[in-house]
Amino acid sequence: MTGRDRSRESVERARVVVPAGEVLRGEHMVAPAHRAPRAGYFRRPRSLRSERRTLWSWCWLPVYGAARLASITWNPFEALFEALMDREGKSGGKPFHGGWGSMAGQLGKALLPRTRNGAHVVMQVTDSQLRLVYVSGAGGITGRRGPVEIGWATDIRNVTWVRDRSDVVGGDHEIGFADGSWYTVRFAGQGWRRMSDAFPVRLSHLDSVPHP
């Protein structure tokens, strides 16, 4: 199965959690934009607790460990602190406005859930909510599908605008909230241009960021 097929399958599987009566207006695989800050490991939500770690996941643990070690600089203690805990001060900058406790910060943390087998994150926009759905990455050679669950969600009225930043990278969008915060996400893969149509207020990169 190709990456595109897996993405399509994850989006389709995520639909099972849409409550009866809600109208699904948009859905797409989502991740933090490359230039957006990542929340430290312990800030991220623990999700899909019901599943057990698969053999495939155990085999990949050394790779994850090596990737973390590769980020260590001349000061390993400082690098470890940055990787595990993060700093509130790093949340500034154009890709992210507001601290990790803001609505945008909550979204940013929820985009990187802590799971045993990894997860595909699907964003859904309905007539009443903006939500993230976690689709377990379990499967591999067994083909056995893992669970699907709703992660972070907020009332759609808390989402005040979405701003297309494909002038920076195709698929990048800033999502703004009622508390004045915003976070930059990336809708990767085919069909990302249609995703912003699901939001109530759409802006181009030529429009200035609204202020509450």
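Residues 24 or more positions apart account for 64% of the contacts in the protein with a separation of 6 or more, a value that, like every other one here, is computed from a predicted model. The protein has 212 residues, of which 42% count as buried, and its chain is laid out in five helices and 10 strands. The accessible surface comes to about 11700 Å², and carbon and sulfur atoms hold 54% of that surface.

A good place to begin looking is the open sheet of four strands, whose order is S1-S4-S5-S6 and whose pairing is antiparallel. Strands of a sheet pair through backbone hydrogen bonds, either parallel or antiparallel. At the edges of this sheet stand strand S1, residues 24–29, and strand S6, residues 148–155; each has a single partner strand, so one side of each is left without a neighbour in the sheet. Neighbouring strands are turned against each other by 20° on average, with direction ignored. Strands S4 and S5 are joined in the antiparallel sense over seven bridges, and histidine 120 can be found opposite valine 135, a residue of S5. Helix H4 packs on the sheet, where it touches S4, S5 and S6, and its direction makes about 170° with that of S6.

Strand S5 also holds serine 136, which counts as buried because its relative accessibility is 3%, under the 20% cut-off. Leaving aside its neighbours within four places in sequence, serine 136 is in contact with several residues, including Arg13, Leu48 and Glu51, as well as Asn117, Gly118 and Ala119, and also Gly146 and Pro147.

From the sheet the reader can turn to the nonpolar interior. The largest nonpolar core has 31 residues, and those with the most contacts inside it are Leu107, Met123, Leu130, Leu132, Ile175, Phe177 and Tyr183. At least two residues of this core are supplied by each of helix H4 (103–110), strands S4 (119–126), S5 (129–136), S7 (159–164), S8 (172–177) and S9 (182–186), and helix H5 (192–195). The largest share, four residues, comes from H4. A second, separate core has seven residues, among them Val11, Met29, Val122 and Val135. To follow one member of the largest core in detail, consider leucine 130: leaving aside its neighbours within four places in sequence, leucine 130 is in contact with Met123, Gln124, Val125, Trp152, Ala153, Thr154, Ile156, Val159, Phe177 and Phe199.

The aromatic rings add a further set of links, and the count comes to five aromatic pairs. One of these pairs is formed by tyrosine 41 and phenylalanine 42, which meet edge-to-face at 5.2 Å centre to centre, with 85° between the planes. Tyrosine 41 is partly exposed, because its relative accessible area of 27% falls between the limits of 20% and 50%. Phenylalanine 96 and tyrosine 183 form another edge-to-face pair, at 5.2 Å centre to centre and with 70° between the planes. Phenylalanine 96 lies in strand S3, residues 96–97, and tyrosine 183 in strand S9, so their pair ties together parts that are 87 residues apart in sequence. Both phenylalanine 96 and tyrosine 183 are buried, and together with Trp100 they form one aromatic cluster. Tyr183 thus brings the reader back to the interior, since Tyr183 is also among the residues with the most contacts inside the largest nonpolar core.

Conventions. Residues numbered from 1 in each chain as written. Predicted model: local features only at pLDDT ≥ 70, side-chain atom pairs only at ≥ 80, totals over all residues. Heavy atoms only, no water. Core = buried A, V, L, I, M, F, W, Y, C linked by side-chain atoms within 4.5 Å. Buried < 20%, exposed > 50% of the residue type's maximum accessible area, 1.4 Å probe, protein only. Contact = heavy atoms within 4.5 Å. Pairing = 2+ DSSP bridges. Axes fitted to C-alpha atoms, helices over the stretch in contact; angles between N-to-C directions. Areas by Shrake-Rupley, 256 points an atom, 1.4 Å probe, with all protein chains shown as cover. Phe/Tyr/Trp six-rings, centres within 6.5 Å; stacked < 30°, edge-to-face > 60°.
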